[in-house]
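Q: I'd like to learn how to read pockets, helix faces and side-chain contacts off a model. Can we walk through one together?

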Amino acid sequence: MNQQELQNLRQDYSASTLSENTTKADPIKQFEQWFNEALEAKLHEPNAMTLATATITGKPSARIVLLKGFNKDGFMFFTNYLSRKGKEIAKNPHGALTFFWPGLERQVRIEGTIEKVSKEESEQYFHSRPKGSQVGALASPQSQEIDNRESLEQKWNELEAEYADKEVPKPSYWGGYILKPQLIEFWQGRPSRMHDRILYKKTDKKSWKKVRLAP
């Protein structure tokens with residue numbers, strides 16, 4: 001593909017609309033509605049989201065993780081606390097999430113602060129995972145340099161055999177986070193790039209202000 005062909009790649013959106021009058025007063029309930037619609041549309045991994053974190057000096061990094069729960073307090077995901085994102089969160093708790101559902105021509109952007117969930121919540125989720133994934137959490141020193149793929153697989157095989165007939169313990173360095181939102185934006189694609197953007201801004205512990213943004 002040449003530069004001109006790349007520049008000409010574009011999609012005109014016309015599937016739906018979004019307005020201040022039709023969106024819910026509570027952005028978490030609005031997210032729940034959109035997420036359920038993404039599930040009903042059978043989109044591939046609708047819970048996949050981009051998580052952006054930054055170092056204490058503001059150097060950003062981003063990756064795809066999976067949403068594993070949400071409620072009035074925020075949006076939850078699980079990972080290795082010693083991974084790059086875990087180390088960044090420990091020093092700079094500000095983060096952002098982005099969901100993109102192209103099948104519905106929708107995007108949700110969320111900004112807020114990140115905290116660890118309780119050890120009990122982490123334990124409960126860890127043991128709900130497939131056993132192979134539990135073993136993987138023990139075997140992989142996430143984000144650290146390793147010699148080769150073979151040594152990683154050997155470690156996994158050794159641990160799989162060790163815990164074949166017993167419960168895999170949750171590592172102390174593995175668990176959940178919750179991003180507590182301060183801003184949540186709902187984006188609906190529209191023709192001619194005149195997209196609908198509804199932004200919720202938190203004004204206190206319980207209240208939200210809803211505004212429209214220019215596309």
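A: Sure, starting with what a pocket is: an open set of grid points where a 1.4 Å probe fits, with protein on both sides within 12 Å along at least five of seven lines, and its lining residues have an atom within 4 Å of a point. Keep in mind that this is a predicted model.

Q: With that in hand, which residues line the second largest pocket?

A: The lining consists of Asp 26, Ile 28, Lys 72, Asp 73, Lys 180, Pro 181, Gln 182, Lys 202, Lys 205, Lys 206 and Trp 208. Strand S7 gives the largest share, 3 residues. The volume comes to about 260 Å³.

Q: How does that lining divide by class?

A: Sort the residues into nonpolar, polar and charged, and you get 3 nonpolar, 1 polar and 7 charged.

Q: And the largest pocket: what is its volume, and which residues lie nearest its centre?

A: Its volume is about 360 Å³. There are 18 lining residues, with Phe 78, Thr 79, Arg 129, Gln 142 and Trp 174 nearest the centre. S2, S4 and helix H5 (131-139) each give two or more residues to that lining. By class, the lining of the largest pocket splits into 8 nonpolar, 6 polar and 4 charged residues.

Q: Let's move to helices. Which residues of helix H3 are buried?

A: The cut-off to remember is that buried means under 20% relative accessible area, while exposed means over 50%. In H3, which spans residues 84-91, Lys 85, Gly 86, Glu 88 and Ile 89 are the buried ones. Looking down the axis of H3, these buried residues fall within an arc of 165°, so they line one face of the helix. Ala 90 and Lys 91, on the other side of H3, are exposed.

Q: What covers the buried residues of H3?

A: The cover includes strands S1 (48-54), S2 (60-66), S4 (74-80), S6 (106-116) and S7 (174-188).

Q: Now single residues. Is Arg 106 buried or exposed?

A: Compare its relative accessible area with the cut-off: under 20% is buried. Arg 106 sits in strand S6 and has a relative accessible area of 8%, so it counts as buried.

Q: Which side chains make polar contacts with the side chain of Arg 106?

A: Look for N or O pairs within 3.5 Å. The side chain of Arg 106 has a polar contact of 2.5 Å with that of Glu 37, plus one of 2.8 Å with the side chain of Gln 188. Leaving out residues up to four places away in sequence, Arg 106 touches several others, including Trp 34, Phe 99 and Trp 187.

Q: How do I read Asn 80, in strand S4?

A: Go through burial, then partners. Asn 80 is buried, at 3% relative accessible area. A polar atom of its side chain lies 2.7 Å from the backbone nitrogen of Leu 82. Beyond four places in sequence, Asn 80 touches Gly 86, Ser 140, Gln 142, Tyr 173 and Trp 174.

Q: Last one: how should I compare spacing along the chain with spacing in space?

A: Put the two separations side by side. Glu 123 and Gly 175 are 52 residues apart in sequence, with 7.6 Å between their C-alpha atoms. For Asn 80 and Pro 93, 13 residues apart along the chain, the C-alpha separation is 16 Å. Glu 123 itself belongs to helix H4 (residues 119-126) and is partly exposed, at 27% relative accessibility.

Methods
Residues numbered from 1 in each chain as written. Predicted model: local features only at pLDDT ≥ 70, side-chain atom pairs only at ≥ 80, totals over all residues. Heavy atoms only, no water. Buried < 20%, exposed > 50% of the residue type's maximum accessible area, 1.4 Å probe, protein only. Helix = DSSP H or I, 4+ residues; strand = E, 2+ residues; numbered from the N terminus. Arc of directions from axis to C-beta. Contact = heavy atoms within 4.5 Å. 1 Å grid on protein atoms, 1.4 Å probe; cavity = no way out; pocket = protein on both sides within 12 Å on 5 of 7 lines; lining within 4 Å. Points joined across faces, edges and corners; volume = space filled by probe spheres on them. Nonpolar A, V, L, I, M, F, W, Y, C, P; charged D, E, K, R; others polar. Polar contact = N/O pair within 3.5 Å; in protein donor to acceptor, adjacent residues only side chain to side chain.
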